[in-house]
Amino acid sequence: MSKSRKGGNRGEGSRGGRSNRPHSAPSVVVGVRFQSVGKVYHFDATRYPGLREGDFVVVTTSRGQQLGQIATVGALDTGHINGPIKPVDRPASGRDLAIRKHWENKELEALVTARSVNAEIGLAIKLVKAEYSFDGKRLIFLFSAEERKETKALRKRLSRTFRATIEFRQIGPRDVAKIIGGYGACGALRCCSSFLTEFSPISIRMAKAQGVSLSPTEITGMCGRLRCCLLYEYEQYVEARKGLPKQGKRVGTPFGEGKVISLLPLKESALVDVGDRRVEIHR
């Protein structure tokens, strides 16, 4: 999940920052994901040099043992690893995978039960997903709400139902959309559900720079927030605009002096009103 989940990062191996352990660095580091489209956390795989991308491994995290899939394999880059790196406990066995599948199969049932109990309590939250830990000792419920909510009463009720430690984590609208999945307005699978591992800040100026209509239906995603795709070509538009006159400026053209009405950055041209006609002038 993204950081908009309150305390929602898995706190696994090591992420980001700069290492202060250049002399004790492991020779082989693997990047492990705990969700299909999730963040990558680093672990020391020196004891298991035969590991490859796609292999499953068992690792110990701040939340106990977890099963994840290797996304990257390579030597340590000390400039991008922060703090000590925990070792890979072992490659996952068939039994480990079966255990993980067993608890995954129980997650939907747990979510339905939690929603039913919450309907009785009347807490104004939307329960989105239930996640069991690898060993089944911890059950985490992800929920969304308009404001921060106290879930003590619901947690107490659910503790009587499940033989696990119950936790609640509030997530943002974009994380909800990522979990639910589906298709975006463009007709393709939502970016957040198919390849985005982290959410970047998006602002209205990105839409303005690309000449996108500021109508909410044009710039708002299914999550109700500005579309993530507004970021993809933003830098190209900014760079392309540097060589073009500003909108509203009077410029000289082969057809005489005129006023810039609009810009076509990727074509490196502008639409200019010259007298009673409008012409497209290339840079």
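Which residue stands opposite R250 in β10? The residue is K259. This report builds outward from that pair. The model is predicted.

**The whole chain**

The chain holds seven helices and twelve strands. It has 283 residues, and 39% of them are buried. Take the contacts between residues at least 6 apart in sequence: 58% of these join residues at least 24 apart.

**The sheet at β9 to β12**

Four strands make an open sheet. Their order is β9-β10-β11-β12, and the pairing is antiparallel. The edge strands are β9 and β12, each of which pairs on one side only. From one strand to the next, the twist averages 45 degrees. Strands of a sheet pair through backbone hydrogen bonds, either parallel or antiparallel.

Two of the pairings are set out here.

| Strand pair | Sense | Bridges | Residues standing opposite |
|---|---|---|---|
| β9 (250–253) and β10 (256–264) | antiparallel | four bridges | R250 and K259 |
| β11 (269–274) and β12 (277–282) | antiparallel | six bridges | L271 and E280 |

β11 and β12 also form a hairpin. Two residues lie between these strands. In the turn, G275 has a positive phi of about 65 degrees.

**Helix α3**

Helix α3 covers residues 173–180. Which of its residues are buried? They are R174, D175, V176, A177 and K178. The elements that cover them include two strands, β6 (126–132) and β7 (138–144), and the helix α4 (191–194). An α-helix has 3.6 residues a turn, so residues three or four places apart point the same way. Just after α3 comes G181, with a positive phi of about 75 degrees.

**A buried arginine in a loop**

R227 sits in the loop between α6 (216–219) and α7 (234–241). R227 is buried, yet it has no salt bridge. Where is the nearest side chain of opposite charge? That side chain belongs to E218, 5.2 Å away. A salt bridge needs the charged atoms within 4 Å, so E218 does not form one with R227.

The side chain of R227 does have a polar atom 2.9 Å from the backbone oxygen of T217. Leaving out residues up to four places away in sequence, R227 touches A185, I202, T217, E218, I219, T220 and G221. T217 and E218 thus appear twice in the picture of R227: T217 through its backbone oxygen, and E218 as the nearest side chain of opposite charge.

Technical notes. Residues are numbered from 1 along each chain as its sequence is written. This is a predicted model: local features need pLDDT of at least 70, side-chain atom pairs count only at pLDDT 80 or more; totals for chains, interfaces and linings use all residues. Side-chain values use heavy atoms; hydrogens and water are left out. Two strands pair if DSSP finds at least two bridges between them. Axes are lines fitted to C-alpha atoms, for helices over the stretch in contact, and angles run from 0 to 180 degrees between N-to-C directions. Buried means under 20% relative accessible area, exposed over 50%, partly exposed in between (1.4 Å probe, protein chains only). Contact means heavy atoms within 4.5 Å. Lys and Arg count as positive and Asp and Glu as negative; His and the chain ends are not counted. A polar contact is a pair of N or O atoms within 3.5 Å; within protein, one must be able to donate a hydrogen and the other to accept it, and residues adjacent in sequence count only if both atoms are side-chain atoms.
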